[in-house]
Amino acid sequence: MFTRLSGLALLVSAALVVAHEHRDQIPLDDFASPTTGHDPADSDAWLKKYGKQIDQVFSGPLSFSHLPYSRCLEDPSADFDIAVLGMPFDTAVTYRPGARFGPYAIRSGSRRQRDTRGYTLAWKVNPYELGSRIIDCGDVPVSPFDNALAVDQMEVAYSSLLARAVGSNDSPARSNAVRVFAKDGKEHPRIITLGGDHTIVLPILRSLNKVYGPVSVIHFDAHLDTWPAYPGTTTEQSRVTHGTFFYLAQEEGLMTNTSIHAGIRCKLQGYGDIENDESVGFQLISSDDIDDYGVNAIIKRIRDRIGDSPVYLSLDIDVIDPGLAPATGTPEAGGWTTREVKRIIRGLAGLNFVGADIVEVAPAYDNAEITGIAAADIVHDFLSMFLTQEPPKAPTSRSWGARDEL
């Protein structure tokens with residue numbers, strides 16, 4: 001039996017050899033034609049044959065969503081309506097460091113995004129087609145050795161960009177709110193900041209206060225960040241951490257008393273932490289409230305709390321459950337899903353936003369860039385949130401394409 005099978009195998013092999021002789025194969029020379037037809041001495045050969053040197057989604061310089069990139073702090077001619085600005089600061093954390101690499105991770109997570117493919121079914125707009133000039137202004141070169149110096153560097157950088165003239169005139173997508181609330185009556189650019197640990201909000205609020213006065217804050221986070229100080233605080237500078245900056249901002253008169261947290265679920269010393277939080281000017285939405293009341297009720301509560309005041313939105317990536325966004329310094333179990341956070345953000349469109357940030361992305365703890373990708377997608381939502389006058393309308397009915405075959 002074995003001999004008969006071996007002989008059959010030899011016959012099949014011989015047949016395959018005959019079938020694959022040279023006369024049945026495609027010569028390799030046939031594949032060479034795309035590289036012919038140009039002068040090897042022509043320095044414009046690529047441009048003539050293939051056109052512009054476009055960046056693929058996986059190639060090119062690293063800017064957010066392949067946007068135009070400028071070192072805006074050293075280039076006063078760089079004009080914009082909205083700037084993406086990195087603040088790679090993480091030396092005021094209480095647990096895991098690494099958020100200094102957050103701006104890089106968020107930009108890397110945005111590689112598959114670009115201005116020519118910015119339309120989403122959820123928003124029903126492409127924010128890059130709404131008349132505003134949006135650019136990536138690079139990173140603030142913050143000191144990793146001196147926190148007082150770094151905080152001042154971030155404040156000066158943010159103030160410098162706020163002082164620029166807007167990049168376009170009479171964009172129909174922009175609200176007059178930015179101009180109405182400005183002390184000088186002028187329109188100022190808006191900045192989406194990529195952190196960095198959450199301490200960056202203190203210098204940002206100081207900068208915004210010079211232009212708008214006290215602002216309300218919508219704070220997405222697992223933690224309150226309104227504690228007066230941490231144990232071991234012995235100097236004035238040691239009070240400045242990513243868990244105390246709102247308390248310090250309230251001391252300095254940078255916020256109104258109409259701010260609100262969303263997604264809180266951290267452990268507390270006791271109810272005294274809540275009483276202190278209320279004294280800082282915050283109301284609180286817990287992570288469990290989404291189960292008890294739903295997304296729409298959370299949106300309504302935030303909008304009712306903020307009203308018509310100028311508002312700054314700060315989003316700590318740890319508001320999302322660490323199963324979906326693990327790359328953060330102080331993860332807390334039981335958070336919201338990425339989709340839930342995105343839906344709430346859509347419901348906030350039309351408020352008088354003067355700026356926003358996303359912080360605490362620490363890519364050393366990530367897996368397959370899932371946190372960086374989620375953060376980049378949220379930044380895209382921020383752009384649409386800034387540039388639309390109301391939340392997108394929910395469909396009243398939806399056809400699923402069913403057909404009557406009778």
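Strand β3 and strand β8, residues 352-359, run parallel, with three bridges joining them. One pairing to look at: L194 has I358 in β8 as its bridge partner. Keep in mind that this is a predicted model.

Now the other neighbour. Strand β1, residues 82-87, is joined to β3 by six bridges. That pair is parallel too. Here L85 is the residue opposite T193 of β3.

So what about burial in β3? The strand covers residues 190-195, and six of the six are buried, which means that β3 is largely enclosed by the rest of the structure. Buried here is under 20% relative accessible area. Which residues point which way? R190, I192 and L194 go to one side. I191, T193 and G195 go to the other. Both sets are buried. Note R190 in that list: an arginine, and buried.

Next, helix α12, residues 370-387. How far apart should its ends be? It has 18 residues, and at 1.5 Å a residue the expected span is 26 Å. The end C-alpha atoms in the model are 26 Å apart, so the two values agree. Is α12 enclosed or open? Of its 18 residues, 15 are buried, so the helix is largely enclosed by the rest of the structure.

Last, the surface. W46, L47 and Y50 make a nonpolar patch there, of about 380 Å². W46 sits in helix α2, which spans residues 45-50.

To recap. β3 is joined to β1 by six bridges and to β8 by three. β3 is largely enclosed, and so is α12. The nonpolar patch made by W46, L47 and Y50 is on the surface.

Technical notes:
Residues are numbered from 1 along each chain as its sequence is written. This is a predicted model: local features need pLDDT of at least 70, side-chain atom pairs count only at pLDDT 80 or more; totals for chains, interfaces and linings use all residues. Side-chain values use heavy atoms; hydrogens and water are left out. Helices (H or I, at least four residues) and strands (E, at least two) are DSSP runs, numbered from the N terminus. The expected span of a helix is 1.5 Å times one less than its number of residues. Buried means under 20% relative accessible area, exposed over 50%, partly exposed in between (1.4 Å probe, protein chains only). Patches are made of residues with over 30% relative accessible area and no salt bridge: like charges are joined within 9 Å, nonpolar side chains (Val, Leu, Ile, Met, Phe, Trp, Tyr) within 5 Å. Accessible areas come from the Shrake-Rupley method with a 1.4 Å probe; for residues, only the protein chains shown count as cover. A salt bridge is a side-chain nitrogen of Lys or Arg within 4 Å of a carboxyl oxygen of Asp or Glu. Two strands pair if DSSP finds at least two bridges between them.
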